[in-house]
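Here is a walk through one protein model, written for someone who would rather look at the structure than read a table. Keep the viewer open and follow along.

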Amino acid sequence: MPVPWFLLSLALGRNPVVLSLERVVGPQDTARCSPGLSCHLWDGDVLCLPGSLVSAPGPVLVPTRLQTELVLRCHEETDCDLCVRVAVHLAVQGYWEDPEDEEKFRRAADPELEEPRNASLQAHIVLSFQAYPTAHCVLLEVQVPAALVQPGQSVGSVVFDCFEAALGAEVQIWSYTQPRYQKELNLTQQLPDCRGLEVQDNIQSCWALPWLNVSADGEDVRLVLDVSEEQRFGLSLYWNQVQGPIKPWWHSNLTGPQTITLNHTDLVPCLCIQVWPLEPDSVRTSICPFREDPRAHRNLWRAARLQLLPPLEWRLDAPCSLPAEATLCWQPLDGGPCLSLVPPLPRENVTVNKVLEFPLLKGHPNVCVQVSTWEKLQLQECLWADSLGPRKDDMLLVETRGPQDNSSLCALEPSGCTPLLSRASTRAARLGEQLLQDVQSGQCLQLWDNDLGALWACPMDKYIHQRWALVWLACLLLAAVLFLLLLLKMSRVKGWLRLLKENIRAGAAARSRAALLLYSADDASFERLVGALASALCQLPLRVAVDLWSRRDLSAQGALAWFHAQRRQTLQEGGVVVLLFSPGAVALCREWLQDATSAPRAHDPHDAFAASLSCVLPDFLQGRAPGRYVGAYFDKLLPADAVPALFRSVPVFSLPSQLPDFLGTLQGSAAPRPRRLAERAEQVSRALQPALESCFRPPGAPGTGRGMGPEAGDRT
C-alpha cells in the first residue's frame, strides 16, 4: 500500500502572520547599555582587524556572550528592512599585578573622600558583521564605574541597533576588544525568509513572491505555482548536499501559472525547490519538502553505487549525503555470510562522492566492503569481482597483541573467532598447529598490521589436497574389492564394464575445460573488464588462465615463455585459446600483417598479447587455428567489421549479445542444455555489467548509475 502524500501549502509572500517583530524607526544606528554603565557609539565604520593577543595590565572589560534579536527598521509605514539587534554581555577579567595599583584605584573611587576622583574601567568593543557580500564593523566605547569592578563578575551589557541584512541570508557576528585580550566571540545565524516572518505588508521584496503548492498526483508529485499570467519567475530544482556545494538538477524561467509533475522515482531527501520573481535583486525562497519521505529515502539507496577503485580505494556515489557506516568483511569461499572485521578494524562514517582508502596493506579477493545504516545492510561489493581473480579457500587469522610481546591467534569462522590451539570441532581448530606454523614460516599473506594486532590470510589448498588423497586411497581400495567381486561373477562382468565405461565418459564430460585469455592492455578500465570476464568464466566452471592473475610468473619467465607454456598446456588438455579483440589488439594485428618482411616495433616485454602474435599468426596462416582458437569482442567497444579477415576462420562472438553461443563453444562437449546455458549467460552478463558501465562511461559522467530528471510534466 503506498504511503499517503502530505499536502504542503506555502504562501511565499501571501502567508498570514507567523512571527511579530519590533519596529525601529529611523536610519541611524544607536547604542544603549545597562543601568550604571555609560556607552558611546563612534561615528562611521572602523577597520575589521582584530589584531594579535596582548596581556592585560590589570582588570579589563571583555565581552563574554553575544545575543541577537530580529527587528524591522522602517523608513516608512510599508517600507521596512530586516535588521539584526546585537546585545554584548560584559564582564571584568584579570587582577592587579601590583597591590599598590589596586589601592590607588580603590582610593580614587572612595565616595567618603572630600574630593573623589572619577575612577572607572574603560573598554573599546568592536562588533563585526558579515553577510555575503557585505561586511560592516562598529566601535562601542563602554565605561564601568569602579564600584562595579569585581574580577570575574558580570557588569551588564551594551545593545547595538542594528545591522541590516537580506532575507534568507547567513550572517556571522564577531566581538572583541581593542586591544584584544582574549579570543574573539563569534555567532552564526541563518535569517528567515518571507515565509517565516510577519513582513508581507512591510518588506516590498516579499510582495511579488508566487504561491507554491506541493501535492500528490497518484504515485507522482505535482508542483502548482499560482501566479498571474503576466508574471515571470524562475524555478530551480537542486540537490542540497551537506557534504559539498549544492548540485543543480533542473532550472527554467517560466510565466505563471504553471503545473509541473515530478516522477516519484526522482524524489530524494535532499531534493529542494527554489522560486523567485525575475526582477532585479529579488528574494529567493527555498523549501526541501522530501526530507522525511520514506520513498525518497528508498530512491536514494537505489541510486547509490558502491565502486571499488584499484589498487585499494573505494567510493560511494549518491545524489545526497547518507547517514551510513562502512565496514570491511571477509567472504568465505562457501558463500556463507560475510564475516565482519570489526574489531579489529574500526567502522567509518561514509562521505559520499569521495575516494576513500582501504586500511589494508594488500588486497585479497575475499575482502568486501559493506555499507549499512541503522544496523541494516544496504550495499556490499567485493574485491574479487574486479581484478583480483575468484575468491580463495583461505583462512583469515586474527592476531591480538598484548603487553610484553604477548600475542594470540584465532581463526575467523561463522561461529566466531576460534583460538587455533583449542579443542573446538571446527576446521581451524583441527589444523591449528599447522596454521600457526604457516604464519611463523611466512606462508600466510599479511593484510593489516598495527601495534594492537594483525590480519593473516592463510591458504588451505594443501590441506584440502591431503584430505582428498585419503579419499582417493579409500576409493582405490574399494575399486579393488569390487574388481575381485566381478571376477567371481564372470557372467556379470560385461554389464559392469559397460557401466564403468559410461561413468568414465560422464566424469570426463564433467571436468572443467581449460581456457587461455589473450588481450591487449589498452587501459585500466579494459583490464578491469577482462578481469571481471575471467572471474565470471571461473564460475561455469572453466579453468581460466590470464596474465592479469599471473604478474609474478610473467615477470619471472618473460611474456613469450609464459605464453608458450600456457598455450601448450591448454591445447594438450583439449582447451581453447580466446582472443579478445579491442582497438589496441586490432592495431597490433594489422601492424604484424601489414608488412611481414619488416620486423615489428618493440613492445612492452610484459605484454603477453604482443608476444603471442609471433605464434598465433602462423597457426592462422597455416590453417591450424580451427578447433583451437575462438575470437570475441565487446559490442560498444569495437565494430564487427574491425576484426581482421584472417581471424574469421574461427568463430568470432560479440559480447554480451552472443554470450550463450560463446559459452557453449568454450565448454565444448560439456556444454549444458540450452535453457541451462541461457541461465549461465545471464549470470555472466550481470557480473560484467558494472565493469562495462565503467569502461563505456564518457569522461566526467556522474557515478550514480542512473539519470534523474523531471518529466516534461503537465503544464497548464
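Start with helix α4, residues 432–440, where Gly-432, Leu-435, Asp-438 and Val-439 are buried; buried here means under 20% relative accessible area, exposed means over 50%, and partly exposed is in between, using a 1.4 Å probe and protein chains only. Look down the axis of α4 and its buried residues fall within an arc of 120°, so they line one face of the helix. That arc is taken from the directions that run from the helix axis to the C-beta atoms. An α-helix has 3.6 residues a turn, so residues three or four places apart point the same way. Turned away from the buried side of α4 is a face with the exposed residues Glu-433, Gln-437 and Gln-440. Just past α4, Gly-442 has a positive phi of about 80°.

A word on ground rules: this is a predicted model, so local features need pLDDT of at least 70 and side-chain atom pairs count only at pLDDT 80 or more, while totals for chains, interfaces and linings use all residues. Residues are numbered from 1 along each chain as its sequence is written, and side-chain values use heavy atoms, with hydrogens and water left out. As for element names, helices (H or I, at least four residues) and strands (E, at least two) are DSSP runs, numbered from the N terminus.

Now move to strand β6, residues 79–93. Of its 15 residues, 12 are buried, so β6 is largely enclosed by the rest of the structure. Strand β5 (residues 60–76) runs antiparallel to β6, and 15 bridges join them; two strands count as paired if DSSP finds at least two bridges between them. You can pick out Pro-63, whose bridge partner in β6 is Leu-90. The connection from β5 to β6 is a hairpin through 2 residues.

Strand β9 (residues 154–164) also pairs with β6, antiparallel, through 8 bridges. Two places to look are Cys-83, which has Glu-164 of β9 as its bridge partner, and Leu-90, which has Gly-156 of β9. So Leu-90 is a bridge partner of both Pro-63 and Gly-156. β9 is mostly covered too, with 9 of its 11 residues buried. Strand β3 (residues 30–33) pairs with β9 as well, in the antiparallel sense over 4 bridges, and there Thr-30 stands opposite Asp-161.

Follow the chain into the loop between β3 and β4 (38–41) and you meet Ser-34. Because its relative accessibility is 18%, Ser-34 counts as buried. Its side chain reaches the backbone nitrogen of Ser-157 at 2.8 Å.

Next comes an open sheet of 3 strands, in the order β19-β20-β24, with antiparallel pairing. β19 (305–309) and β24 (356–357) stand at the edges with a single partner strand each, so one side of each is left without a neighbour in the sheet. Between β19 and β20 (residues 313–317) there are 5 bridges, and Leu-309 has Glu-313 in β20 as its bridge partner.

What about the empty space? On a 1 Å grid over the protein atoms alone, a cavity is a set of points where a 1.4 Å probe fits but cannot get out, and a pocket is an open set with protein on both sides within 12 Å along at least five of seven lines; lining residues have an atom within 4 Å of a point. Grid points are joined across faces, edges and corners, and a volume is the space filled by probe spheres set on the points.

The largest pocket has a volume of about 1,000 Å³. It is lined by 29 residues, and Gly-363, Leu-388, Lys-392, Leu-445 and Arg-552 lie nearest its centre. The elements giving two or more residues to this lining are β19, β31 (453–459) and α8 (551–557), with α8 giving the most, 3 residues. By class, the pocket lining divides into 16 nonpolar, 5 polar and 8 charged residues.

Searching the whole structure also turns up 2 cavities of 30 Å³ or more, and the largest holds about 130 Å³ of space. Its lining includes Trp-314, Leu-328, Glu-348 and Phe-358. Strand β21 (residues 325–330) supplies the largest share of that lining, 3 residues.

Technical notes. A polar contact is a pair of N or O atoms within 3.5 Å; within protein, one must be able to donate a hydrogen and the other to accept it, and residues adjacent in sequence count only if both atoms are side-chain atoms. Ala, Val, Leu, Ile, Met, Phe, Trp, Tyr, Cys and Pro count as nonpolar, Asp, Glu, Lys and Arg as charged, and the others, Gly among them, as polar.
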